[in-house]
Amino acid sequence: MTNMTTHRQQDLLTLADRVLLKNYRQQPVVMERGSGVHLWDSGGRRYLDMTAGISVCCLGHGHPALTAALVEQAGRLLHTSNLYFIEQQIQAARAITERCFGERVFFGNSGAEANEAALKLARRYQHEVARQPSRNTIVSTLGSFHGRSFATVSITGQEKYRTGFGPMFGPVEFVPYDDLDAAAAVLRRGDVCAFIVEPMQAEGGLLVPSAGYLAGLRELTRETGALLIFDEVQTGIGRTGKWFGHQHDGVEPDVMTLAKALGGGVPIGAMVASEEAARGLSFIEGGAVPHASTFGGNPFACASANAVIQTIEKEGLIEHTAQVGEYLGTRLAEVAAKYAPHAVGTRGRGFLRGLVLDRPAGPTVAACRKNGLLVSVAGGVVVRFAPALIAKREHIDEAIGILQSVLGQVLASEP
Ligand SMILES: Cc1ncc(COP(=O)(O)O)c(C=O)c1O
């Protein structure tokens, strides 16, 4: 690390302090380049990246197959709008539908947009297709995270994200996660439009529900006429060791939303629907286009999705994530045992796992970064590991080694 690079990073941080909106709480580094599971900051320091851009960079940084696909597409055609059909969009929709229950796909640019589309589909399905205009209530779960747009923050089951922004979109009702009795009580009222749920609560703290929860929700929504939406923005595209998180439970929703890893780092979101549910957003001759997005599904973004899906398949990354994810779970359990009672346990599935502490995880995460390891906080007290799907056992071992030494220091300084 030279003086010049250190100064460059400091200059950028000073400029950021002056020109960026102060909404985030970034750690004081500027990332400059990446390769595989490593990142380098503009001061020249190398980090082992166990965040993958918050579950986004599933192929790691600078994967040659994704880079080549993007370079090729950027030189050929970036954008045309949805006034015309787009080959890469059609291929991406096929690639997704071949791997799950879904039969039709709408593309947007983010997780929030995918969820917005799902909410609009659900409302219009109930109003125009099922002819049940009184079915307006969206049911969501406490502790969930569905995005920051008005509607998606309104259905996010964590009050802290809504504070100061009222009035919210509604009617919305929250029920405890993993509680079928509570879900049944609301659904059986008859005014529910849709139930939206993460197959595993990610931002909420990496909570895996009990076996049978998703199946129970499927039965209840079928019985009562509400649509079932799985938010797979974080759990989708291999992260949990299956293509989609709900596939661990053998249950199919009416709608699923995707974003994050779908583009491997290029912004893209998708709403995937069954043929029946898709009627909720179908164009009706003589009417307006019911939902749209200027950038949604553009050639560049969809070229990334196609390259991501093909590469995951070709490199066997789903099986790899399931296996090495188990190993990560075992190593985290060792750490939990060693640092009990301050380490309370482990949670998660595949490559979306964490160590639960008896205190806020922020200081541990910051100390890991100072020691060359990038992890993040989930649910306040969980140190989250969400590495690229290409991460190997040796990377996990290195990360666990750093975490252990950091925990020793953090616990010694604030027992
Ligand atoms: C489950 C889930 N849904 C939705 C979102 C929002 O996605 P985006 O930030 O792309 O709008 C996130 C983001 O973390 C998420 O984890």
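**Exercise 1. Is G380 buried, exposed or partly exposed, and at what relative accessibility?**

Solution. The model is a predicted one.
- Start with the location. G380 sits in the loop between strand 14 (376-378) and strand 15 (382-385).
- Apply the cut-offs. Buried means under 20% relative accessible area, and exposed means over 50%.
- Read the value. G380 has 36% relative accessibility, so it counts as partly exposed.
- List the contacts. Leaving aside neighbours within four places in sequence, G380 is in contact with R359, P360 and A361.
- Add a distance. G380 and G325 are 55 residues apart along the chain, and their C-alpha atoms are separated by 22 Å.

**Exercise 2. Place R239, classify its burial and list its contacts**.

Solution.
- R239 belongs to the loop between strand 8 (227-231) and strand 9 (255-258).
- Its relative accessible area is 1%, so R239 is buried.
- Set aside the neighbours within four places in sequence. R239 then contacts A52, S55, Q234, T321, R349, G350, F351, L352, A386, P387, A388 and L389.
- Now take G362. It is 123 residues from R239 in sequence and 23 Å from it in space, C-alpha to C-alpha.

**Exercise 3. Do the same for Q404**.

Solution.
- Q404 is part of helix 13 (residues 393-413).
- The relative accessible area is 16%, and therefore Q404 is buried.
- Residues up to four places away in sequence are not counted. On that basis Q404 touches R331, V335, K338 and Y339.

**Exercise 4. Find the aromatic pairs and give the geometry of each**.

Solution. The structure holds two aromatic pairs. Planes over 60 degrees apart count as edge-to-face.

Pair one:
- F145 and Y161 lie 5.3 Å apart, centre to centre, with 75° between the planes. This pair is edge-to-face.
- The pair links distant parts of the chain, 16 residues apart. F145 is in the loop between strand 5 (137-141) and helix 6 (150-154). Y161 is in the loop between helix 6 and strand 6 (172-175).
- Y161 counts as buried because its relative accessibility is 17%.

Pair two:
- The ring centres of Y177 and Y213 are 5.5 Å apart and the planes stand at 70°, so this pair is also edge-to-face.
- Here too the pair links distant parts of the chain, 36 residues apart. Y177 is in the loop between strand 6 and helix 7 (180-187), and Y213 is in helix 8 (residues 213-224).
- Y177 is buried at 12% relative accessibility. Y213 is buried at 2%.

**Exercise 5. Which rings have the charged end of R33 or R393 over them?**

Solution.
- For R33, the ring is that of W40, and the charged end sits 4.2 Å from the ring centre.
- For R393, the ring is that of Y327, with the charged end 4.7 Å from the centre.

**Exercise 6. Describe the second largest pocket by volume, lining and residue class**.

Solution.
- Volume: the second largest pocket has about 960 Å³.
- Lining: 27 residues line this pocket, and Q89, V105, F106, L281 and H291 lie nearest its centre.
- Elements: helix 4 (87-97), strand 4 (104-108) and strand 10 (269-273) each give two or more residues to the lining.
- Class: the lining has 18 nonpolar, six polar and three charged residues.

Key: Residues are numbered from 1 along each chain as its sequence is written. This is a predicted model: local features need pLDDT of at least 70, side-chain atom pairs count only at pLDDT 80 or more; totals for chains, interfaces and linings use all residues. Side-chain values use heavy atoms; hydrogens and water are left out. On a 1 Å grid over the protein atoms alone, a cavity is a set of points where a 1.4 Å probe fits but cannot get out, and a pocket is an open set with protein on both sides within 12 Å along at least five of seven lines; lining residues have an atom within 4 Å of a point. Grid points are joined across faces, edges and corners, and a volume is the space filled by probe spheres set on the points. Helices (H or I, at least four residues) and strands (E, at least two) are DSSP runs, numbered from the N terminus. Ala, Val, Leu, Ile, Met, Phe, Trp, Tyr, Cys and Pro count as nonpolar, Asp, Glu, Lys and Arg as charged, and the others, Gly among them, as polar. Buried means under 20% relative accessible area, exposed over 50%, partly exposed in between (1.4 Å probe, protein chains only). Contact means heavy atoms within 4.5 Å. Rings of Phe, Tyr and Trp (its six-membered ring) pair if their centres lie within 6.5 Å; planes under 30 degrees apart count as stacked, over 60 as edge-to-face and the rest as tilted. A charge sits over a ring if NZ of Lys or CZ of Arg is within 6 Å of the ring centre and within 35 degrees of the ring normal.
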